[in-house]
Amino acid sequence: VADYNIVLQSLCRAGDTAHALEIFRGEMARDGVAPTIVTYNTIINGLCKSNELGAGMELFEELVERGHHPDVVTYNTLIDSLCKAGDLEEARRLHGDMSSRGCVPNVVTYSVLINGLCKVGRIDEARELIQEMTRKSCDVLPNIITYNSFLDGLCKQSMTAEACELMRSLRDGSLRVSPDTVTFSTLIDGLCKCGQIDEACSVFDDMIAGGYVPNVITYNALVNGLCKADKMERAHAMIESMVDKGVTPDVITYSVLVDAFCKASRVDEALELLHGMASRGCTPNVVTFNSIIDGLCKSDRSGEAFQMFDDMTLKHGLAPDKITYCTLIDGLFRTGRAGQAEALLDAMPDPDTYAFNCCINGLSKLGDVSRALQVYNRMLELKLVPDKVTFNILIAGACKAGNFEQASALFEEMVAKNLQPD
RNA sequence: CCUGUCUCAUAUAUAUUCC
């Protein structure tokens with residue numbers, strides 16, 4: 001069985017859950033190899049990670065019907081997936097279910113729940129769970145992953161004071177758990193995103209002084225922070241310093257810099273870096289190209305942007321994503337090619353809300369509010385869900401055109417669709 | 001008596017409105 005489990009795991013990791021299920025249903029049964037709970041867990045995890053949570057839940061029910069007993073890993077896997085799918089209530093239900101079946105939650109169970117709560121900003125509930133863990137009556141103690149999840153939640157809610165406080169507690173040993181590279185990367189990124197670049201740099205210095213080892217993610221977070229704080233020179237210097245320390249810049253490192261050059265209207269330097277990274281053995285990805293395409297469009301060079309698009313698809317064999325199309329549609333409008341922009345929206349595969357937003361915005365900025373509304377209606381016909389940005393664009397367009405009745409009608413529609421006006 | 005396991009959790013880059 002263990003051999004099968006390993007095969008199933010590698011298939012799942014490669015994203016081939018269909019093949020894994022085939023072996024599970026066919027070969028294993030034929031050879032009379034009885035699946036264990038690990039077999040089920042492996043496949044359920046595979047299904048969950050390839051966005052087939054429903055199939056994972058079905059397999060869960062199947063294993064129970066067949067008389068197997070789900071273990072803590074089974075529950076953890078499903079709870080984690082439910083959290084990531086935004087269904088915290090169902091996750092909490094499974095959490096209760098596992099206890100009632102005599103399955104004891106472990107540190108992973110708590111960590112996935114805390115992570116799930118943090119990801120949707122429910123910091124207070126996450127904090128409560130941590131406090132529950134540290135009570136004497138609870139024999140599951142938080143580990144560094146638990147604290148890292150919570151720390152990230154604090155940062156993402158801009159609660160950097162509490163985040164720094166948590167870091168202090170981790171470092172002074174009062175929590176009996178030591179920070180790791182992820183802890184530092186999380187805090188550095190959080191401080192940068194809150195505009196506290198100096199604090200981020202000093203956390204980085206503390207990290208080095210304390211003998212902790214930064215990895216490429218730590219550097220990327222800091223380089224990104226420096227770029228966004230308009231400190232390009234220091235960001236550049238970090239590249240050399242990371243290489244000195246034996247950390248190789250990756251595609252994200254370069255993409256951060258490429259984007260920063262683009263945003264600073266230094267597209268030619270971005271292009272230079274694009275070629276430079278390739279010659280240093282780092283292949284650009286779709287994000288790198290999206291930045292370049294955006295930079296070119298915003299520098300009124302949409303012709304070159306389309307050349308880049310061809311380079312990306314034909315030479316590099318990269319598939320454009322939703323952001324690529326959104327960027328191009330927006331860029332075409334900005335460079336006065338409304339017709340081409342609309343044609344691209346029609347031509348792109350599975351246009352999404354963002355692509356429509358770009359088009360609606362382009363038309364609206366041209367003063368063609370009625371056409372913008374037509375496109376909006378087309379989007380509704382496709383069963384796409386407008387977001388806050390869609391309405392902000394349409395309402396601004398109606399106001400600018402002096403049509404306040406229409407604007408307030410749109411406002412009502414927005415509220416009716418449960419979107420919070422800002 | 002102890003140990004050994006095949007499955008689970010955390011951090012970094014790009015676009016559309018306003019700033």
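A residue counts as near a strand if one of its heavy atoms lies within 4 Å of it. The model shown in these views is predicted.

**View 1. The protein surface around RNA strand B.** There are 60 residues around RNA strand B, and N5, N41, N76, N220 and K263 come nearest. By class, the surface near the strand has 25 polar, 18 nonpolar and 17 charged residues. Sugar or phosphate accounts for 54% of the atoms of RNA strand B within 4 Å of the protein. The rest belong to bases.

**View 2. Side-chain contacts to the backbone of RNA strand B.** Q9 places a polar side-chain atom 3.4 Å from a phosphate oxygen. For K228, a polar side-chain atom lies 3.5 Å from a phosphate oxygen. S149 has a side-chain N or O atom 3.3 Å from a sugar or linking oxygen.

**View 3. A salt bridge within helix α10.** D152 pairs with K156, and their closest N and O atoms are 2.8 Å apart. The two residues sit 4 apart in helix α10 (residues 144-156), so about one helical turn separates them. D152 is buried, at 14% relative accessible area. K156 is exposed, at 51%. Elsewhere, salt bridges that share partners join E89, R92, R122 and E125 into one network.

**View 4. The salt bridge between R122 and E125.** Their closest N and O atoms are 2.8 Å apart. R122 is partly exposed, with a relative accessible area of 25%. E125 is also partly exposed, at 28%.

**View 5. A salt bridge within helix α9.** R127 and D124 bring N and O atoms to 2.9 Å. Both lie in helix α9 (residues 123-134), 3 residues apart, about one turn. D124 is exposed, at 53% relative accessible area. The whole structure holds 23 salt bridges.

Conventions: Residues are numbered from 1 along each chain as its sequence is written. Chains are lettered from A and ligands numbered from 1 in the order in which they are written. This is a predicted model: local features need pLDDT of at least 70, side-chain atom pairs count only at pLDDT 80 or more; totals for chains, interfaces and linings use all residues. Side-chain values use heavy atoms; hydrogens and water are left out. A polar contact is a pair of N or O atoms within 3.5 Å; within protein, one must be able to donate a hydrogen and the other to accept it, and residues adjacent in sequence count only if both atoms are side-chain atoms. Ala, Val, Leu, Ile, Met, Phe, Trp, Tyr, Cys and Pro count as nonpolar, Asp, Glu, Lys and Arg as charged, and the others, Gly among them, as polar. A salt bridge is a side-chain nitrogen of Lys or Arg within 4 Å of a carboxyl oxygen of Asp or Glu. Buried means under 20% relative accessible area, exposed over 50%, partly exposed in between (1.4 Å probe, protein chains only).
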